[in-house]
Amino acid sequence: LGVAYHGRWQDVGEFSVGVQKVRYRKTISPPEELQIVTRADPWLWNGTLAINLARGLVAYAGYTKGLEDSGVAPEIAVNRSEAPPALLTSQRDFGLRYAFGPMRAVVGAFDVRKPYFNLDPDLVYRQLGTVRHRGVEISLTGEPLKGLNVVAGAVLMKPRVTGSAVDLGLVGKKPVGQAEHTASLYMDYRLPWMSDLSLNLGIQHLGKRAGSVDNGLVIPGRTLVNLGGRYRFELRDLPATFRLQLSNLFDTYAWDVTGGGGLRRVFPRRANATLSVDF
C-alpha cells in the first residue's frame, strides 16, 4: 500500500515523492524438511527531482529506499536452503540527460548500498558486511541513421565490502562476481531495400571479477559478440517473424560466477532459430 505525488512544471522541471508500506513473506520448502519462513514489513520511500537547464538538457537527482530478495543459502552451505531476511537497500543517483535530434545521452553517478550475504570460511551463508557500489554510468540511445537503432552503454564502478569480517581478514574487500567495468553495444539495422528484414549486432564486455569470498580467485574479463537477423512476413494472413541468432560468435571460452561463488562456463558458439506467429 502506498501513495505518490508527481508534479511537472512546464519548461522548468519535475518533482516526485512516494512512500509505501510493504509486507513481504518468503517460504522455502526443502524436501522432507520443515518449511523455512522469513518476513519483513518495512516502510519504503523515494524522491526524485529534475530541472531543465537548457533546451534538451536536464539535470536529475534521486533517492530510493528499496527491498530486495536475498535468495537462499546454496547447496554447499552448512545452512543450505536457509532463507536470509529480505535486504533493505538504498540508492542515490544524480546526473545529466541530453536529447539532441534523434539521440539521447545520459551521464550519471550512483551510490547503492545493501547488506552483503555470502559464504564465510566455514561455509555458513550469512551476512558478511555491507556492500557499496559507487560509480558512473554512460548511455547513448537513438536512431542516428534512418533504420539504424543504437543502444550503447558503459558502467565504471567501485564495488566494496565493509564490516568486521573484512577488518578481520575473513573475506576480501571485493564482492564475488561484481565487475568494476562493463560495456555493451547493440545495433539493429532495417534494410532500406527490404524493410521486412533487419540485421542486429550485440557486443558485451564484462571486466574481471572476484571468484571467491577471500578474493584469492579472479575470473578474467570477457567480450562476447552476438549476430543475428529478423524477417517479418505473413503466414496465411497471420503476422509472423523468423529470427536467427548466433551467440558467442567467436566461441570465446569464459566463465560466469553464480551464487555462492560457484562457476559456470559461458555457452560456446551456438545458433538459435525461432518462428513466432501472432494468432
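Asp-251 sits in the loop between β16 and β17 of this predicted model. Its phi is near 55°, a positive value in a residue that isn't glycine. That is worth a second look, because most residues other than glycine have a negative phi. With 34% relative accessibility, Asp-251 counts as partly exposed, since the buried class stops under 20% and the exposed class starts over 50%.

Asn-248 turns up in that loop too, the one between β16 (238-247) and β17 (255-257). Here phi is near 50°, again a positive value in a residue other than glycine. Asn-248 is buried, though, with a relative accessible area of just 4%.

What does the side chain of Asn-226 reach at 2.9 Å? The partner is the backbone nitrogen of Asn-248. Asn-226 itself belongs to strand β15, which covers residues 222-235. Its relative accessibility is 16%, so Asn-226 counts as buried. Setting aside neighbours within four places in sequence, Asn-226 is in contact with Asn-200, Leu-201, Gly-202 and Gln-204, and also with Gln-245, Leu-246, Ser-247 and Asn-248.

Just ahead of that strand comes Gly-221, in the loop between β14 (218-219) and β15. Gly-221 has 40% relative accessibility and is therefore partly exposed. Once neighbours within four places in sequence are left out, Gly-221 is in contact with Leu-206, Gly-207 and Lys-208. The C-alpha atoms of Gly-221 and Val-257 are separated by 12 Å, and these two residues are 36 residues apart along the chain.

Zooming out, the protein chain has one helix and 19 strands. Its C-alpha atoms fill a box of roughly 65 × 50 × 40 Å, taken along the principal axes. Of the 279 residues in the chain, 34% are buried. Contacts between residues at least 6 apart in sequence give a feel for how the chain folds back on itself: 50% of them join residues at least 24 apart. About 17400 Å² of the chain is exposed, and carbon and sulfur atoms supply 58% of that area.

How confident is the predictor? The average pLDDT for the chain is 92, and 99% of the residues score at least 70. Among the elements, strand β4 (residues 36-40) has the lowest mean pLDDT, at 85, while strand β11 (residues 181-190) has the highest, at 97.

On the surface, there is a nonpolar patch of about 650 Å². Tyr-5, Phe-15, Val-17, Leu-49, Ile-51, Leu-53 and Leu-96 make it up. Two elements, β2 (13-21) and β5 (43-54), give two or more residues to the patch. Which element gives the most? That would be β5, with three residues. Tyr-5, another member of the patch, lies in strand β1 (residues 2-9). At a relative accessible area of 53%, Tyr-5 is exposed, because the exposed class takes in values over 50%.

Charged side chains pair up as well, and the structure holds twelve salt bridges. One of them joins Glu-14 to Arg-8, with the closest N and O atoms 3.7 Å apart. Glu-14 counts as partly exposed at 31% relative accessibility, whereas Arg-8 counts as exposed at 65%.

Another salt bridge runs between Asp-120 and Arg-126, where the closest N and O atoms are 2.9 Å apart. Is Asp-120 buried or exposed? Its relative accessibility is 8%, so Asp-120 counts as buried. Arg-126, on the other hand, counts as partly exposed at 34%.

Glu-180 and Arg-160 form a salt bridge too, their closest N and O atoms being 3.1 Å apart. This pair links distant parts of the chain, 20 residues apart: Glu-180 is in the loop between α1 (164-167) and β11, and Arg-160 is in strand β10 (residues 148-162). Glu-180 is partly exposed at 30% relative accessibility, and Arg-160 is partly exposed with a relative accessible area of 22%. Finally, Asp-111, Arg-113 and Arg-132 are linked in a network of salt bridges.

Methods. Residues are numbered from 1 along each chain as its sequence is written. This is a predicted model: local features need pLDDT of at least 70, side-chain atom pairs count only at pLDDT 80 or more; totals for chains, interfaces and linings use all residues. Side-chain values use heavy atoms; hydrogens and water are left out. Helices (H or I, at least four residues) and strands (E, at least two) are DSSP runs, numbered from the N terminus. Buried means under 20% relative accessible area, exposed over 50%, partly exposed in between (1.4 Å probe, protein chains only). A polar contact is a pair of N or O atoms within 3.5 Å; within protein, one must be able to donate a hydrogen and the other to accept it, and residues adjacent in sequence count only if both atoms are side-chain atoms. Contact means heavy atoms within 4.5 Å. Patches are made of residues with over 30% relative accessible area and no salt bridge: like charges are joined within 9 Å, nonpolar side chains (Val, Leu, Ile, Met, Phe, Trp, Tyr) within 5 Å. Accessible areas come from the Shrake-Rupley method with a 1.4 Å probe; for residues, only the protein chains shown count as cover. A salt bridge is a side-chain nitrogen of Lys or Arg within 4 Å of a carboxyl oxygen of Asp or Glu. pLDDT is the predictor's confidence in each residue, from 0 to 100.
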